[in-house]
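Biologist: Please take a close look at one part of this model, the small sheet. Then set that part against the chain as a whole.

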Amino acid sequence: MCAVKGYIQRKSMLYKTGVEYGDYTMNHVLGCSHGCKFPCYAYMMKKRFGQISSYEEWIEPHLVSNTLELLDKEIPKLKNKIKSVQLCFTTDPFMYGYDDIAAMSIQAIKKLNEAGIKCCILTKGILPIELAEFSNENEYGITLVSLDENYRKKIEPGTAPYSDRLEALKNLHEAGCKTWISIEPYPTPNLINQNLDNILTAVAFTDKIIFGRTNYCKEVSAYKQQKEFYNLMAAKVITFCENNGIQYHIKEKTITE
Ligand code: SF4
């Protein structure tokens, strides 16, 4: 187990996202030990705006120590406006091996649920089974872009092994929770040659699949057939979901003319 590198304080916690899915979000950690090399959009933005100076600094997470106090202040003001809160956009709520982050995430989810607010969770870590005791409106998701551990170690080195991640999600599904999978950012064949069918088969138990291309990556931009490839992969996801009664969402700009 690891301990966070340190603590910071923030002035606010809940904010509205401007993205195509997601309503409000909260980010109660600065940095992320998962250290994804997709590259990570959150890392790029924090670096651009001077909140982080290097990758080494990014992978040493700092927990926002006043998270619960901020939620106590903000929830009463915002609860009538919020449809759902996504954990998280610029970090990971169940960072692999960080019990202190997971404990804070659980307390935050509890507070939001007690106020009647649904939470939508996404992680590359392990979802704890105790989440099954929370609101059955909550949605629990993992990112899964491959099943190849060598690729995971290269591209998302600090994350939980794929099989452990999947097993934790399956346990929540079997306990009656709503579950979903984010297959994003999906790699092109010059990054890894793999069969999307195998990933889809492994996640066939989930309620929803979100599929999206890789952006901001030199290798993907260099892959000449990327347009045809992503159109084909998106069509595969749609057919699979329609045949299996799974909801789906294809991220903007994944399918192109
Ligand atoms: S898990 Fe998410 S926030 Fe963390 S490094 Fe990877 S992409 Fe970035």
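Modeller: Three strands build an open sheet here, in the order S1-S5-S4. The pairing in this sheet is mixed. S1 covers residues 6–8 and S4 covers residues 29–30. Both stand at the edges, and each has a single partner strand, so one side of each is left without a neighbour in the sheet. Keep in mind that this is a predicted model.

Now look at the S4 edge. Strand S5 spans residues 62–64, and 2 bridges join S4 to it. S4 and S5 run antiparallel. You can find one facing pair by eye: Val29 stands opposite Leu63 in S5.

Next, step back to the chain. It holds 9 helices and 11 strands. The C-alpha trace spans about 50 × 40 × 35 Å along its principal axes. Is the radius of gyration in line with a compact globule, or out of line with it? A compact globule of 257 residues would have a value near 18 Å; the chain has 18 Å, so the two agree.

What about the inside? Buried residues make up 52% of the 257 in the chain. Contacts also reach far along the sequence. Take those between residues at least 6 apart: 74% of them join residues at least 24 apart.

Last comes the outside. The chain exposes about 12400 Å², and carbon and sulfur atoms supply 50% of that area. As for charge, the chain has 31 positive and 30 negative side chains. The centres of these two sets lie 7 Å apart.

Technical notes
Residues numbered from 1 in each chain as written. Predicted model: local features only at pLDDT ≥ 70, side-chain atom pairs only at ≥ 80, totals over all residues. Heavy atoms only, no water. Pairing = 2+ DSSP bridges. Helix = DSSP H or I, 4+ residues; strand = E, 2+ residues; numbered from the N terminus. Rg over C-alpha atoms; globule rule 2.2 N^0.38 Å. Buried < 20%, exposed > 50% of the residue type's maximum accessible area, 1.4 Å probe, protein only. Contact = heavy atoms within 4.5 Å. Areas by Shrake-Rupley, 256 points an atom, 1.4 Å probe, with all protein chains shown as cover. Lys, Arg positive; Asp, Glu negative; His and termini not counted. Charge placed at Lys NZ, Arg CZ, Asp CG, Glu CD.
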